[in-house]
Amino acid sequence: MSHLDAHIVDLGTDPSIKTVAELRDRLTAAITENERVVISAEGAAGIDLSVLQLLASAHRTASTAGKSLSLAAPATGALQQALAKAGFLGPAGEPLTREGTFWIPSPAPKDQAA
């Protein structure tokens, strides 16, 4: 999936209650200023519930504004573990909340050769 036309917000290495206010400010600005915002969690060693709640809220805010907020890649590693522990994903990785398609993005369509 190409994110060249999207604004990327990196969660950093330790997204937690300590950093959630700063992350909220970055997400608010990104959603206000861009049509597409992509969240990168690949460098996160651990993610706490406050960050998951913020991301779910930001997803609803972006949708309401007619904008797109998505994950750069399907939830793996620390993000997948946090989502399962918090009850956003079931044991088999299935979504358990209305944000399901946000947490489990579909793969981008592949370019078809002519």
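What follows is a walk through a predicted model of the protein, from overall layout to individual side chains.

The fold comes first. Four helices and three strands make up the secondary structure of the protein, and along the sequence they run in the order β-α-β-α-β-α-α. Of the 114 residues, 39% count as buried. The accessible surface comes to about 6800 Å², with 55% of that area belonging to carbon and sulfur atoms. Contacts reach well along the chain: taking those between residues at least 6 apart in sequence, 73% join residues at least 24 apart.

As for how far to trust the model, the average pLDDT is 85, and 87% of the residues score at least 70. Confidence is highest in helix α1 (residues 20-33), with a mean of 97, and lowest in helix α4 (residues 100-103), where the mean drops to 76. Then there is the stretch covering residues 109-114, where pLDDT stays under 50. The model shows zero contacts beyond four places in sequence for residues 109-114.

Next come the charged side chains. Side chains of opposite charge can pair when their charged atoms come close. Three salt bridges turn up in the structure. One of them links arginine 36 to aspartate 5, with 2.4 Å between the closest N and O atoms. Arginine 36 sits in strand β2 (residues 36-40), while aspartate 5 belongs to the segment before β1 (7-10), so this pair ties together parts that lie 31 residues apart in sequence. The two partners differ in their surroundings: arginine 36 is partly exposed at 22% relative accessible area, whereas aspartate 5 is exposed at 59%.

Helix α1 holds another of the bridges, this one between arginine 26 and glutamate 22, at 2.6 Å from N to O. Both residues lie in α1 and are four residues apart, about one turn of the helix. Arginine 26 is partly exposed, with 30% relative accessibility, and glutamate 22 is partly exposed too, at 43%. A further bridge pairs aspartate 25 with arginine 24, at an N to O distance of 3.0 Å. Here aspartate 25 has a relative accessibility of 44% and counts as partly exposed, as does arginine 24 at 41%.

Lysine 67 is a charged residue without such a partner. This lysine is found in the loop between α2 (49-64) and β3 (68-71), and is buried yet makes no salt bridge. The nearest side chain of opposite charge is that of glutamate 35, 4.2 Å away; a salt bridge calls for a distance within 4 Å, so the pair does not qualify. Leaving aside residues up to four places away in sequence, lysine 67 touches Ile31, Thr32, Glu33, Asn34, Glu35 and Ala62.

Helix α3 (residues 77-86) has a clear inside and outside. Its buried residues are Ala78, Leu79, Ala82 and Leu83. Looking down the axis of α3, these buried residues fall within an arc of 130 degrees, so they line one face of the helix. Gln81 and Lys85, on the other side of α3, are exposed. Just after the end of α3, glycine 87 adopts a positive phi of about 90 degrees.

Notes: Residues are numbered from 1 along each chain as its sequence is written. This is a predicted model: local features need pLDDT of at least 70, side-chain atom pairs count only at pLDDT 80 or more; totals for chains, interfaces and linings use all residues. Side-chain values use heavy atoms; hydrogens and water are left out. pLDDT is the predictor's confidence in each residue, from 0 to 100. Helices (H or I, at least four residues) and strands (E, at least two) are DSSP runs, numbered from the N terminus. Contact means heavy atoms within 4.5 Å. Buried means under 20% relative accessible area, exposed over 50%, partly exposed in between (1.4 Å probe, protein chains only). Lys and Arg count as positive and Asp and Glu as negative; His and the chain ends are not counted. The arc is that of the directions from the helix axis to the C-beta atoms. Accessible areas come from the Shrake-Rupley method with a 1.4 Å probe; for residues, only the protein chains shown count as cover.
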